[in-house]
Amino acid sequence: MRSFALLSTVAMLAFLPLTVQAQSADKVPPTVDAKTNIYFYQGEQALAEALKRTPNTGRARNVILFIGDGMGINSVTAGRIFAGQQRGLDGASYALSFDKLPYTGFSKTYSTDKLVTDSANGISAITTGIKTINGAIGVDGTVVGKKCRGSLKARVQSVAELAKLNGLSAGVVTTAGITDATPAGGYGHTPYRNWRADSDLTAEAVENGCIDLARQLVEAPAAIRMDVALGGDLTKFLPDTDPRKGGRVDGRDLTKEWQGQSSSAQFVSGAADLKAVDATKTDHLLGLFAEGDLPSPVDTAQHFDVPGLDDMTAKAIDVLAKNPKGYFLLVESASIDKWHHQNNAYRAMTDVDELSKAVQVAMEKTSAADTLIIVTADHSHGLVFSAGSTREEPIMGLARNHGKDELDGNGHARTTLSYATGPGGPKNGVARPAPTEDEAVSPDYTQPALTYVDSAQHAGEDVPIYASGPQAHLLTGTVELSYIYQVMAYALGLKR
């Protein structure tokens, strides 16, 4: 009877005049409580901030370009969650420093010859405005890979070199070797990214006048030479007779040659030495902190004298900012890509957090009124972020619903993060055994991959762009990777 009475009441209400129903609704206005409706409240606040936003259409004094190498959208999302969880916070609602930048967009990353780019064309497109072939840096698409002949005529100027020619300062910072593809995008010109020391050159390259990237960095004319270069690759700068494992066969010590360019030029090889550098007395700073790439922060217990990306960024800004005309600075968190290649998501996501820390330092040391900050990637990676886990579960672990494993179709435990390709794939047709939770959350765990290859391949989807400062509003929508150069040059008032 009670059900029937309720249905009758509902039916009667349906036939009430609309004006009566509306009046009744008006007496009970909806309320939003910030504690119980946090997303609605946050949305209101975000809208209020967005409505106050006015594009900065002035000229930039400085441009700082951050590259998260291999940092696609899944890397950003997983990196954000991981960073929050590492701090004991809710990872899903955590925000990386660059999540807070006001303007966002996407870029298309293909090269002139491949659907999926490598880091060489990727950074070259960003710093020159011209796409080239995979493996080439600072040259146009007419070059032939690994062939020097004709490549000298294909050289194109980078935004860093153009900034120098216009009286600004310029620098590159990386957690990779300083002659690796991305940092070389600031100063290098080569048809083959692996010509990093003279011992890497082919006979054809030497015959046709190509020189290695380490020499290019140090020997560049003063008018376009980088003022700051911080990263790894000490072996590329030292003779093979040097006990520090030098790799040059020409007998030259390029670190000494760097120091010889002026009385204010310094070379450092440790974190303590970098910290001790007096920026007010240093105009040219070279820092090489490892034989090759810098170790992951996860492993720095064994490498106490290696600076963090944030430390290197801070020192670079201090040295470059003395120039009243301004500066261009390229900063790369390289190990996102390095560890993705190994299917090691723990270390890759650690480096997303390292990038976030470096961006935060730059934001604190500069003003959005005169400094254009751009955070983007050269390409993506095949990281896959799958469903199953509830919010409190660690993203590095197994897919779990409040502590209970979410099994795959074969009844096996599965991880939240996996890869399309890489060393974690089934080798010789043999699938890897399902991991335990302890194995999956270990920093040394290799995530599973669909297809086995020794080194995970890049992915070809569009990558995100985050920006703030003068002309940042121009970096919205979906653009070509090479378009980023145009915005940087325009913001600085540079013309080729």
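Start with the whole protein chain selected: 51% of its 496 residues are buried, where buried means under 20% relative accessible area, exposed over 50% and partly exposed in between, using a 1.4 Å probe and protein chains only. Before going further, note that this is a predicted model, in which local features need pLDDT of at least 70 and side-chain atom pairs count only at pLDDT 80 or more, while totals for chains, interfaces and linings use all residues. Residues are numbered from 1 along each chain as its sequence is written, and side-chain values use heavy atoms, with hydrogens and water left out.

**The whole chain**

Switch to cartoon view and you will have 16 helices and 17 strands to explore; these are DSSP runs (H or I of at least four residues for helices, E of at least two for strands), numbered from the N terminus. Along the principal axes, the C-alpha atoms fill a box of roughly 100 × 60 × 45 Å. Now turn on the surface: the protein chain exposes about 22,100 Å², and carbon and sulfur atoms supply 55% of that. Areas here follow the Shrake-Rupley method with a 1.4 Å probe; for residues, only the protein chains shown count as cover. Among contacts (heavy atoms within 4.5 Å) with a separation of 6 or more, 71% are between residues 24 or more positions apart.

**Stop one: two crossing helices**

Select α4 (residues 73-86) together with α14; their axes come within 8 Å and cross at roughly 85°. That makes α4 roughly perpendicular to α14. The axes are lines fitted to C-alpha atoms, for helices over the stretch in contact, with angles from 0 to 180 degrees between N-to-C directions. Under 35 degrees counts as roughly parallel, over 145 as roughly antiparallel, 65 to 115 as roughly perpendicular, and the rest as oblique.

Show side chains next: Ser75, Ala78, Gly79, Phe82, Ala83 and Gln86 of α4 meet Tyr346, Met349, Thr350, Val352 and Asp353 of α14. By class, this contact of α4 with α14 has six nonpolar, four polar and one charged residues. Here Ala, Val, Leu, Ile, Met, Phe, Trp, Tyr, Cys and Pro count as nonpolar, Asp, Glu, Lys and Arg as charged, and the others, including Gly, as polar.

**Stop two: the loops on either side of α14**

Step back to Asn343, in the loop between α13 (335-341) and α14. Its phi is positive, about 60°, although Asn343 is not a glycine. Most residues other than glycine have a negative phi. Asn343 is also buried, with a relative accessible area of 0%.

Then move to Ala368, in the loop between α14 (345-365) and β8 (371-376). Leaving aside residues up to four places away in sequence, Ala368 touches Asn56, Gly469 and Pro470. Pro470 is 102 residues from Ala368 along the chain, yet their C-alpha atoms are separated by 7.3 Å.

**Stop three: Lys164 and its partner**

Find Lys164 in helix α6 (residues 159-165). Is Lys164 buried or exposed? It counts as buried, at 14% relative accessibility. Draw a distance to Asp227: the two side chains share a polar contact of 3.0 Å. A polar contact is a pair of N or O atoms within 3.5 Å; within protein, one must be able to donate a hydrogen and the other to accept it, and residues adjacent in sequence count only if both atoms are side-chain atoms.

**Last stop: α16**

Finish at helix α16 (residues 483-492), where seven of the ten residues are buried, among them Tyr485, Met488 and Leu492. Just after α16, Gly493 takes a positive phi of about 75°.
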